[in-house]
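Have a look at the sequence and the model below. We'll go through a few spots worth finding in the viewer.

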Amino acid sequence: MRERRASRWRERRRARTFVGALLACLVVSGCQPYVRISTEVRDAYEPLPGFAVRMNFMPRKPHADEGRRIYEARCAVCHGPEGQGDGPMAAQLTAPEKNPYTDFLSLFRIHPRSEPLPSRPARFDNLDQMRLNAPFALFETIARGRPHTAMPGFQHPAYGAVDGGDPRLSDQQIWDVLFWEWSRTTTRERLAQGRRIYNQLCASCHGVAGDGNGPEAARIREQVWTWGRGVGPGIFTDRDWMAYRKPVELYQRVAEGVRRRGLELMPAYAGRLSPDEIWTVVEYLWTFVYTPPQELRP
Ligand code: HEC
Ligand code: HEC
C-alpha cells in the first residue's frame with residue numbers, strides 16, 4: 001500500500017518535471033530574436049541576384065599569333081618549335097629534387113649523391129593530354145610553374161617551382177601563348193570541317209558567331225536563364241565560362257545532348273556524327289574563344 005503510493009507520487013513528480021521542461025522550452029523559444037526566413041517567391045529560372053557575374057579573365061580575345069611570338073622567345077627552347085617537346089634544351093632537362101630513392105632515404109637523413117631524374121617537356125600535339133586540359137589549368141601551370149619538374153613559372157613562380165625570369169608575362173600574354181599551344185591540337189582542314197558541320201547543325205541555336213543568337217535562340221532564352229543573359233553553357237563567346245571547360249566535356253555534351261527537367265535542350269549527335277566529326281566541331285568551338293593562328297584560318 002505504502003509502496004504503491006510512493007510509486008504514484010514518483011510518477012506524478014516525473015510528469016510535473018516534464019510539463020515544466022516543456023514550458024521552459026516554450027518560454028526560451030519565444031524569447032529568441034525574430035528572424036524572417038521567408039523571401040519573396042521567385043520563378044524557378046530566376047537567378048539569385050549577383051550570380052551572373054562577369055569575371056573578365058580574358059578582357060581581350062586571345063590571339064594565337066601574338067602568342068607564337070612569346071612562345072618562340074620563351075618556350076620553344078624546351079617545348080620545341082612546333083610544341084612537340086623537342087626543343088634544344090629538352091634532352092638535358094632534369095627534375096629538381098625529384099628522385100623517389102633519395103627522397104625516401106632523406107627521411108632517415110641519409111643523402112646519397114645521385115643523378116637527378118630527367119624532366120620531359122609537354123607536347124602540345126598530344127591529344128590524349130590536351131583534350132583533358134581546361135585553358136585555366138594551362139594558365140596556372142604557365143603562371144606558377146610546376147614544382148619538381150623543369151617547367152618554370154612565368155608570372156608568380158610558386159610551390160618551389162623554377163623561376164622563368166624577367167620580363168614576367170602579363171595575364172593577356174599567358175592567354176595568348178597558351179592558345180597558340182592549344183592550336184597545336186587541330187589543323188586547317190579539321191577546323192574547316194568543324195565549321196561546315198557547326199553552321200549546318202548547331203548555328204540555328206548557338207548562332208553563327210557562337211554567341212547563342214541563332215534563329216531558335218528566342219525559345220531557348222525562355223527555358224534557360226543563362227542564355228537570357230548571354231553567359232554560361234552553350235554561349236561559346238563567354239570566355240569566363242569556356243576558360244574552365246575541357247574539350248572532353250564539350251565532346252560529351254555534343255555526343256549525349258542536354259536534357260534537363262524533362263526538356264530536351266539540345267539533341268544528342270552521337271548517332272548522326274562520327275566521333276572524329278564531333279572532335280572537329282569541338283576544335284572549331286574554341287575559335288569562338290581565341291583567334292587561331294594565320295595558318296589555320298580559312
Ligand atoms: C626550361 C624548360 C621549359 C621552358 C622554358 C618552358 N617549359 Fe613548359 N614545361 C616544361 C616541362 C619539363 C614540362 C612538363 C612538366 C611535367 O612533367 O608535368 C612543361 C609543361 C608545360 C605545360 C603543361 C602541359 C600540360 O598538359 O599539363 C604547359 C602549359 C607549358 N609547359 C607551357 C609553357 C609555356 C607557355 C612556356 C613559355 C612561356 C613554357 N612552358 C616554357 C619545360 C619548360
Ligand atoms: C536545339 C538547339 C540546339 C542545337 C541544334 C544545338 N545545341 Fe548545343 N546547346 C543548346 C543549349 C540550349 C545548350 C545549353 C544547355 C545548358 O544550359 O546546359 C547547349 C549546350 C551545348 C554545349 C555544352 C556547353 C558547355 O559548356 O557545357 C556544347 C558543347 C554544345 N551545345 C555544342 C553543340 C554543337 C556542336 C551542336 C551541333 C552539332 C549543338 N550544340 C546543337 C542548344 C542546342
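His-206 and Met-266 are both buried, meaning that each has under 20% relative accessible area (over 50% would be exposed, and anything in between partly exposed, with a 1.4 Å probe and protein chains only). This is a predicted model, where local features need pLDDT of at least 70, side-chain atom pairs count only at pLDDT 80 or more, and totals for chains, interfaces and linings use all residues. Residues are numbered from 1 along each chain as its sequence is written, chains are lettered from A and ligands numbered from 1 in the order in which they are written, and side-chain values use heavy atoms, with hydrogens and water left out.

So what coordinates the iron atom of ligand 2? His-206 does it through NE2 and Met-266 through SD, at 2.0 to 2.1 Å. The two come from distant parts of the chain, 60 residues apart: His-206 sits in helix H8 (residues 188-206) and Met-266 in strand S2 (residues 263-266). Helices (H or I, at least four residues) and strands (E, at least two) are DSSP runs, numbered from the N terminus. Around this iron atom, six donor atoms subtend angles of 84 to 179°, so the arrangement is octahedral. Donors are N, O and S atoms within 2.8 Å of the metal (3.2 Å for Na, K and Ca), and water is not among the atoms, so sites may look incomplete. Six donors count as octahedral if opposite ones are over 155 degrees apart and all others between 65 and 115.

Now for some backbone oddities. Most residues other than glycine have a negative phi, and most peptide bonds are trans. Two residues here go the other way on phi:

| Residue | Phi | Relative accessibility |
|---|---|---|
| Arg-109 | about 60° | 74%, exposed |
| His-148 | near 65° | 40%, partly exposed |

Arg-109 is in the loop between helix H4 (100-106) and helix H5 (127-130), while His-148 is in the loop between H6 and H7. Pro-167 also lies between helix H6 (135-144) and helix H7 (171-182), and the peptide bond leading to Pro-167 from Asp-166 is cis, with omega near -10°.

How far can you trust all this? The mean pLDDT, the predictor's confidence in each residue from 0 to 100, is 88 for the protein, and 90% of its residues reach 70 or more. Confidence is lowest in H4, at a mean of 79, and highest in helix H13 (residues 275-285), at 98. Where pLDDT is low, don't read the predicted coordinates in detail.

Definitions and conventions:
Tetrahedral: all angles 85-135°; square planar, octahedral: opposite > 155°, others 65-115°.
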